[in-house]
Every structure is written in structure tokens, then in C-alpha cells.
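I opened my notebook beside the model today and jotted down what I looked up, entry by entry. Feel free to follow along.

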Amino acid sequence: MKPLVKTGTYQYLISGRIKVVMDDGTEEEFGPGDAAVIPPGHNAWVVGNGLVVGIDFTGLKEYAKSADS
């Protein structure tokens with residue numbers, strides 16, 4: 001999905017942990033209770049084997065919008 005999503009995300013994590021690495025190499029890890037603004041130009045994944053539950057406040061207008069539209 002990364003090639004389609006060119007916007008940032010706004011997340012509130014309820015459980016689990018995620019690691020985010022920005023295109024410039026900056027790294028950050030988020031866990032339960034953390035709120036994060038993650039700008040475009042990142043890769044993220046689940047840390048460990050736990051389930052990640054979060055609330056994503058990304059606007060649906062921009063969600064999965066192709067680069068051609």
C-alpha cells in the first residue's frame with residue numbers, strides 16, 4: 001500500500017508497538033497511549049508478535065489516493 005499512500009498519518013495506539021523509519025533514516029517507536037503524527041515518506045511495521053490496535057485519523061479523502069489522481 002505504501003506506493004498509494006502519499007499522505008501522513010495521525011495515529012493513537014491503544015495496544016501493541018510499531019516502529020517507524022522515515023526516508024531520511026530517522027527512527028521512532030510508538031506504544032500504547034502514544035499519539036503520533038507520521039508525515040509522508042516513511043515505512044512502519046509491528047514490533048514483536050503482538051496485535052497492534054490503533055485509531056488512524058487520516059482523512060478518508062486522501063486515503064489510498066493513487067499518484068495519478
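**Entry 1: cover on β2.** I am working from a predicted model. I started with strand β2, residues 18-22, and asked how many of its residues are buried. The count came back as 4 of 5, so I noted the strand as mostly covered, with buried taken as under 20% relative accessible area.

**Entry 2: the β3 side.** Next I looked up what β2 pairs with. Strand β3, residues 27-30, joins β2 over 4 bridges in the antiparallel sense. I wanted to know which residue of β3 stands opposite K19. I found E29 there. The hairpin of these two strands leaves 4 residues between them, and in it G25 has a positive phi near 95 degrees.

**Entry 3: the β5 side.** I then turned to strand β5, residues 42-46. I counted 5 bridges between β2 and β5, again with an antiparallel run. Following V21 across, I arrived at N43 as its bridge partner in β5.

**Entry 4: the sheet as a whole.** Putting the pairs together, I wrote down an open sheet of 3 strands, ordered β3-β2-β5, with antiparallel pairing. Why is one side of β3 and of β5 left without a neighbour in the sheet? Both stand at the edges and have a single partner strand each, so nothing in the sheet flanks their other side. I also noted the twist, which averages 20 degrees from one strand to the next.

**Entry 5: salt bridges.** I searched the whole structure for salt bridges and got 2. One of them brings the side chains of E29 and R17 together, at 2.8 Å from N to O. I checked where the two residues sit: E29 belongs to strand β3, while R17 is in the loop between β1 (9-15) and β2, so this pair ties together parts 12 residues apart in sequence. How much of each residue is accessible? E29 is partly exposed, with a relative accessible area of 35%. For R17 I read 35% as well, and it too is partly exposed.

**Entry 6: the other pair.** The side chains of E27 and K19 also meet in a salt bridge, with 2.8 Å from N to O. I looked up E27 and found a relative accessible area of 49%, so I put it down as partly exposed.

**Entry 7: a note to self.** K19 turned up twice in my searches: it stands opposite E29 in β3, and its side chain meets that of E27 in a salt bridge. E29 came up twice too, as the residue across from K19 and as the salt-bridge partner of R17.

Notes: Residues numbered from 1 in each chain as written. Predicted model: local features only at pLDDT ≥ 70, side-chain atom pairs only at ≥ 80, totals over all residues. Heavy atoms only, no water. Buried < 20%, exposed > 50% of the residue type's maximum accessible area, 1.4 Å probe, protein only. Pairing = 2+ DSSP bridges. Axes fitted to C-alpha atoms, helices over the stretch in contact; angles between N-to-C directions. Salt bridge = Lys/Arg side-chain N within 4 Å of Asp/Glu carboxyl O.
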